[in-house]
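The following exercises concern the sequence and the structure shown below. Each task is followed by a solution that proceeds step by step.

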Amino acid sequence: MKIAAQARELLRRDTTWPFLVPRRRAVDVSHQVILYIEGLSVSFDGFQALNDLNLYVNDGELRCLIGANGAGKTTLMDVITGKTRCDSGSAWFGRNIDLLAHDEAEIAQLGIGRKFQKPTVFEAHTVFANLELSLGGGKGVWSALTAALTGEQRDRIDRVLETIGLAKARHQLAGALSHGQKQWLEIGMLLVAEPRLLLIDEPVAGMTAEEAERTAELLTSLAGEHTVIVVEHDMEFVRSIARTVTVLHQGSVLAEGTMDQVQNNPDVIEVYLGEGA
Amino acid sequence: MTFAENTRSLFAGVAGALAQLHQPGRGSSLLVVILFGVTLLMSAANLMLPQDSVFYVSTYSITLMGKYLCFAMLAMAVDIVWGYCGILSLGHGAFFALGGYGMGMYLMRQIGDRGVYGNPELPDFMVFLNWQELPWYWYGMEHFWFAMAMALLVPGLLAFVFGWLAFRSRVTGVFLSIMTQALTYALMLAFFRNEMGFGGNNGLTDFKDILGFDLQADGTRVALLLITAALLALAFLASRAIVQSRFGRVVVAVRDAEARARFLGYRTERYKVWLFVYSALVAAVAGMLYVPQVGIINPGEFSPLNSIEIVVWVAVGGRGTLYGAIAGALLVNYAKTRFTAAMPDGWLFALGALFVAVTVLLPKGLAGLLQRSGTKGAEKPRENDTGKVPAGVAHAGEAGA
């Protein structure tokens with residue numbers, strides 16, 4: 001049965017065989033939409049983490065995802081970045097790249113960067129080396145053996161160091177940075193690869209108010225050139241950066257709109273904001 | 001090319017290698033230079049001084065030193081995967097032994113009709129087992145180049161297949177360690193069988209000569225020691241180049257945060273497989289050099305205990321530093337030689353106690369102790385002037401080699 005289905009898939013006339021499609025190609029955003037998520041469902045041992053979720057994100061947008069714990073925010077990121085396989089549905093990056101057909105490394109090379117909930121940097125390396133390793137381009141084993149930084153790459157690292165405010169700490173070991181600095185370094189590691197889409201999971205967790213403010217500035221300045229999707233619990237923070245907010249609830253989209261629209265949505269008040277507000 | 005030109009190019013090569021060793025901030029290479037110097041002195045003392053001289057070095061010591069250097073190379077191989085990539089291999093003895101068996105098969109074929117049974121074609125143990133002809137996998141092993149190629153190819157291929165299967169399935173941590181342990185144990189059981197055609201539990205021994213040189217002669221012994229020292233230095237330089245390249249930085253990144261590296265676009269399993277293969281090859285070379293010097297290879301080399309001992313050497317010396325692994329192997333093995341002579345039964349207890357003591361008191365091994373005392377002075381500027389660390393210090397910290 002499975003073989004027959006695979007054979008049928010292979011003989012479809014409306015698609016190109018996967019091995020004929022170049023693995024690395026530019027994303028096609030001619031319809032202004034960079035991320036199409038349609039009918040996505042994921043379940044773990046009977047728990048429905050994502051339930052027929054639909055989401056469209058425009059190119060250059062800054063989108064906030066909010067939702068209670070277990071609403072499926074992190075699972076959605078896992079599916080987009082290739083960590084988790086979905087049961088059904090589709091996820092396309094632009095019009096031409098099927099995200100479900102790629103693994104984590106390929107998706108990263110296609111231009112989707114992801115920041116983890118817990119700041120994850122290479123602690124045994126210097127800040128500079130962290131950024132060096134995050135540069136886009138060849139990630140192969142053999143090219144890494146002989147890789148040397150070009151002047152242009154150095155400049156890019158310097159620019160990112162300025163952007164994330166770590167220019168003075170460039171030779172410090174990343175493990176010696178403060179929590180907030182690690183968060184920034186991780187964002188910088190995404191930036192230096194020049195991704196099209198940034199998925200940022202709880203960027204201000206554990207930050208002071210001042211640090212959070214600077215992070216908000218950083219993220220808003222990124223939108224436009226990059227598309228940014230932010231998952232955050234901190235409502236103040238979301239209000240300060242978001243133009244469009246998507247509320248997830250039990251694995252599907254509950255509401256979408258500006259912060260004010262969402263906050264006045266009766267469904268949202270009932271299931272999510274109602275508890276806190 | 002004339003002889004003079006030859007020697008000149010040889011000297012230029014050695015000088016170049018020495019110049020490379022002497023890079024600023026690379027104190028680690030000092031150990032290798034010292035080691036090489038000691039080896040040279042020992043060799044000269046053995047060959048040129050009369051036996052009754054105070055400075056005469058016995059051939060026994062020469063062979064012992066050669067053995068230690070092989071172990072140092074093996075420890076370095078384990079350190080490359082464990083210290084830099086966090087892959088705790090408890091089965092590296094397998095690659096060492098396979099390399100050794102490759103060399104052993106060549107040496108067996110060199111015996112010719114000088115064996116006990118005088119059979120020009122078959123090694124003694126095959127005559128003893130009433131075998132009529134050479135098994136197919138012994139074909140070609142009488143050629144040195146072919147035997148050496150096989151001694152590298154077989155462990156390399158085994159490491160590749162094993163690593164590819166394990167790392168692609170994302171097996172990590174203690175599960176991987178247990179699998180490596182099972183690998184070497186399975187090989188030990190297989191090599192113990194007479195039907196395998198590798199001499200069963202007696203292994204391969206009674207070697208006569210290598211490339212036509214008598215293995216018992218002092219000159220051959222010294223030459224083997226010098227070759228071992230040279231290859232150790234070469235392996236050290238190659239390994240250092242690897243861990244200081246971007247490849248090496250990726251490998252350390254994989255050790256500390258594999259998921260992060262993967263989401264940056266690195267295929268971490270490929271990095272791990274190739275590092276594992278490289279490490280297996282270094283271990284195999286160590287095994288190839290070990291066998292002609294000790295004169296025997298048997299399935300005991302595959303025993304899991306041996307592989308665990310290697311890990312102890314690395315832990316004592318300091319994992320994550322190449323010179324630490326070398327120093328650890330030399331020190332522990334010297335202690336073992338002394339200890340087993342004085343108190344044969346006590347050695348395993350001493351080894352266990354050493355491991356516990358190092359784990360508790362010196363988590364970074366002896367190299368960590370050196371670094372701690374060494375960076376006390378160097379750490380100062382870092383505190384005064386945030387971030388502006390002299391490039392040398394930053395690099396030493398980052399590479400740690």
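**Exercise 1.** How many of the 20 residues of H4(B) are buried?

*Solution.* The structure is a predicted model, in which local features need pLDDT of at least 70, side-chain atom pairs count only at pLDDT 80 or more, and totals for chains, interfaces and linings use all residues. Residues are numbered from 1 along each chain as its sequence is written, while chains are lettered from A and ligands numbered from 1 in the order in which they are written.

Step 1. Fix the terms. Helices (H or I, at least four residues) and strands (E, at least two) are DSSP runs, numbered from the N terminus. A residue is buried if 20 or more other C-beta atoms lie within 10 Å of its own, exposed if 12 or fewer, and partly exposed in between, with C-beta atoms placed from the backbone.

Step 2. Apply the criterion: 17 of the 20 residues of H4(B) are buried, and the helix is mostly covered.

Step 3. Check the length. H4(B) comprises residues 92-111 and reaches 29 Å from its first C-alpha to its last, close to the 28 Å expected at 1.5 Å a residue; the expected span is 1.5 Å times one less than the number of residues. After H4(B) comes Gly112(B), with a positive phi near 60°.

**Exercise 2.** Describe the overall dimensions and composition of chain A.

*Solution.* Step 1. Chain A has 11 helices and 10 strands.

Step 2. The radius of gyration of chain A is 20 Å, which agrees with the value near 19 Å for a compact globule of 277 residues; it is taken over C-alpha atoms, and the globule rule is 2.2 Å times the number of residues to the power 0.38. Along the principal axes, the C-alpha atoms fill a box of roughly 55 × 55 × 35 Å.

Step 3. Of the 277 residues in chain A, 45% are buried. Contacts (C-beta atoms, placed from the backbone, within 7 Å) between residues at least 6 apart in sequence join residues at least 24 apart in 67% of cases.

**Exercise 3.** Determine the strand order and the edges of the sheet that contains S1(A).

*Solution.* Step 1. Two strands pair if DSSP finds at least two bridges between them. On this basis 4 strands of chain A form an open antiparallel sheet in the order S2-S1-S4-S5.

Step 2. S2 (47-58) and S5 (97-98) of chain A are the edge strands, as each pairs on one side only.

Step 3. S1(A), residues 33-44, is joined to S2(A) by 8 bridges; Phe44(A) has Phe47(A) as its bridge partner in S2(A).

**Exercise 4.** Trace the parallel pairings of S3(A) and S8(A), and state how their residues are covered.

*Solution.* Step 1. S3(A) and S8(A) run parallel and are joined by 4 bridges, with Leu62(A) facing its bridge partner Val228(A).

Step 2. S3(A) also runs parallel to S9(A), residues 244-249, over 4 bridges; here Arg63(A) stands opposite Thr244(A). S8(A) pairs in the parallel sense with S7(A), residues 197-201, over 5 bridges, and Leu199(A) has Ile229(A) as its partner.

Step 3. In a regular strand the side chains alternate between the two faces of the sheet. In S3(A), Leu62(A), Cys64(A) and Ile66(A) point one way, Arg63(A) and Leu65(A) the other, and all are buried. In S8(A), Thr227(A), Ile229(A) and Val231(A) lie on one side and Val228(A) and Val230(A) on the other, again all buried.

**Exercise 5.** Which residues of H8(A) are buried, and against which elements do they pack?

*Solution.* Step 1. Ala212(A), Thr215(A), Ala216(A) and Leu219(A) are the buried residues of H8(A). They cover an arc of only 105° around the axis, which puts them on the same side of H8(A); the arc is that of the directions from the helix axis to the C-beta atoms.

Step 2. The buried residues pack against S3 (62-66), S8 (227-231) and H9 (235-241) of chain A. Glu210(A), Glu217(A) and Ser221(A), on the other side of H8(A), are exposed.

Step 3. Gly224(A), which follows H8(A), has a positive phi near 105°.

**Exercise 6.** How many residues does each chain give to the contact between chain A and chain B?

*Solution.* Chain A gives 27 residues and chain B 26 residues. H3 (104-110), H4 (127-134) and H5 (141-146) of chain A each give two or more residues to the side that touches chain B; H3(A) gives the most, with 4 residues.

How values were computed
Contact = placed C-beta atoms within 7 Å.
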